[in-house]
Amino acid sequence: GFFGAIACAEANPGCRVQILERNAHVLAKVRISGGGRCNVTHACFDPAELTGYYPRGGAALRGAFSRFQPRDTVTWFEARGVRLKAERDGRMFPVSDDSASIVDCLVQTARAAGVIVRTHTRIDAVTKTDGRFSVTLHDDAALQADRVLIATGGAARAWAWAAALGHRIVPPVPSLFTFEIDDPRILACARGKSYR
């Protein structure tokens with residue numbers, strides 16, 4: 001969502017771009033991703049190979065990855081002062097090993113582009129009438145917009161908004177998740193050691 005808002009604001013400097021965040025803090029999931037280091041992208045720079053890692057939707061992603069792929073992500077962050085590094089398994093993290101590097105970069109870049117960030121802002125509905133969108137907030141206020149980007153991750157309410165706007169929703173399936181099991185045999189595996 002942040003990246004989309006930044007791209008919109010930078011491409012259209014005269015537009016008023018807002019990020020509506022329900023929580024008190026933005027980018028909370030980015031802050032905890034990768035164990036607090038933020039797994040930014042993957043060091044696979046061939047769009048055809050990259051789509052092979054997506055069992056569902058690979059064909060649809062081919063066009064997107066041909067226009068903006070991990071190499072572009074690396075270039076984007078490095079142009080803003082955040083160097084990335086690749087690990088043996090191809091995952092890429094900020095050299096700082098601190099997700100705050102990514103969060104700060106996104107927040108500062110959004111601010112510089114004129115993006116307005118509103119926290120504690122809950123959305124109840126998104127509708128479209130006569131080519132304009134209406135975003136109804138929890139306090140019954142409504143915002144009018146020419147364009148809306150719905151970027152809420154796995155929130156089912158967002159799928160309902162998208163469906164009401166005419167989009168076909170493919171039933172979601174989990175893609176990334178973690179287990180926390182307190183068992184020394186499993187911990188040893190995570191450290192690359194064999195356990196008998």
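Is Phe68 buried, exposed or partly exposed? Select Phe68 and look: at 35% relative accessibility, the residue counts as partly exposed. Bear in mind as you go that this is a predicted model.

**Stop 1: the aromatic cluster**

Keep Phe68 on screen and add Phe3. Their ring centres are 5.4 Å apart and the planes meet at 55 degrees, so this pair is tilted. It is one of four aromatic pairs in the structure. Colour by secondary structure and you'll see that the two rings come from distant parts of the chain, 65 residues apart. Phe3 sits in helix H1 (residues 2-11), while Phe68 is in the loop between helix H4 (58-67) and helix H5 (70-79). Phe3 is partly exposed too, with a relative accessible area of 34%.

Now select Trp76. This ring also pairs with Phe3, edge-to-face this time, at 5.0 Å centre to centre and 65 degrees between the planes. Again the link spans distant parts of the chain, running from Phe3 in helix H1 to Trp76 in helix H5, 73 residues apart. Trp76, at 10% relative accessibility, counts as buried. Add Phe77 and you have the whole group: ring pairs tie Phe3, Phe68, Trp76 and Phe77 into a cluster.

**Stop 2: the main nonpolar core**

Stay with Phe77, which leads into the largest nonpolar core, a set of 22 residues. Phe77 is among the members that touch the most others, along with Phe2, Leu84, Ile102, Leu106 and Val115. Which elements give two or more residues to this core? They are H1, H5 and helix H6 (99-112). H6 supplies the largest share, five residues.

For a closer look, centre the view on Phe2. Ignoring neighbours within four places in sequence, Phe2 is in contact with Ile19, Val26, Leu27, Leu106, Val107, Ala110 and Val117. Another core lies apart from the largest one: it has nine residues, including Val126, Val135, Ala145 and Trp161. As background, nonpolar side chains tend to be buried together in soluble globular proteins.

**Stop 3: the strands**

Next, show S3 (residues 84-86) and S4 as cartoon; they pair in the antiparallel sense over three bridges. Pick out Leu84, which you met in the core, and you'll find it opposite Pro94 in S4. The hairpin of S3 and S4 has four residues between the strands, and there Gly90 takes a positive phi near 95 degrees.

On to S2 (residues 41-42). Two bridges join this strand to S4 (residues 91-94), and the two run antiparallel. Select His42 to find one of the partners: its bridge is to Arg91 in S4.

While you're here, which ring does the charged end of Arg37 sit over? Show Phe93: the charged end of Arg37 is 3.7 Å from the centre of that ring.

**Stop 4: the cysteines**

Finally, show the cysteine sulfurs. How many disulfides does a search of the whole structure find? Zero. Start with Cys8, which is in no disulfide; its nearest cysteine sulfur belongs to Cys15, 5.3 Å away. The cut-off is 2.5 Å, so a sulfur at that distance doesn't make a disulfide. Cys8 counts as partly exposed, at 32% relative accessibility.

Cys105 is in no disulfide either, and the nearest cysteine sulfur, on Cys38, is 11 Å away. Cys105 is buried, with a relative accessible area of 6%.

Notes: Residues are numbered from 1 along each chain as its sequence is written. This is a predicted model: local features need pLDDT of at least 70, side-chain atom pairs count only at pLDDT 80 or more; totals for chains, interfaces and linings use all residues. Side-chain values use heavy atoms; hydrogens and water are left out. Rings of Phe, Tyr and Trp (its six-membered ring) pair if their centres lie within 6.5 Å; planes under 30 degrees apart count as stacked, over 60 as edge-to-face and the rest as tilted. Buried means under 20% relative accessible area, exposed over 50%, partly exposed in between (1.4 Å probe, protein chains only). A charge sits over a ring if NZ of Lys or CZ of Arg is within 6 Å of the ring centre and within 35 degrees of the ring normal. Two strands pair if DSSP finds at least two bridges between them. A nonpolar core is a set of buried Ala, Val, Leu, Ile, Met, Phe, Trp, Tyr and Cys residues joined through side-chain atoms within 4.5 Å. Contact means heavy atoms within 4.5 Å.
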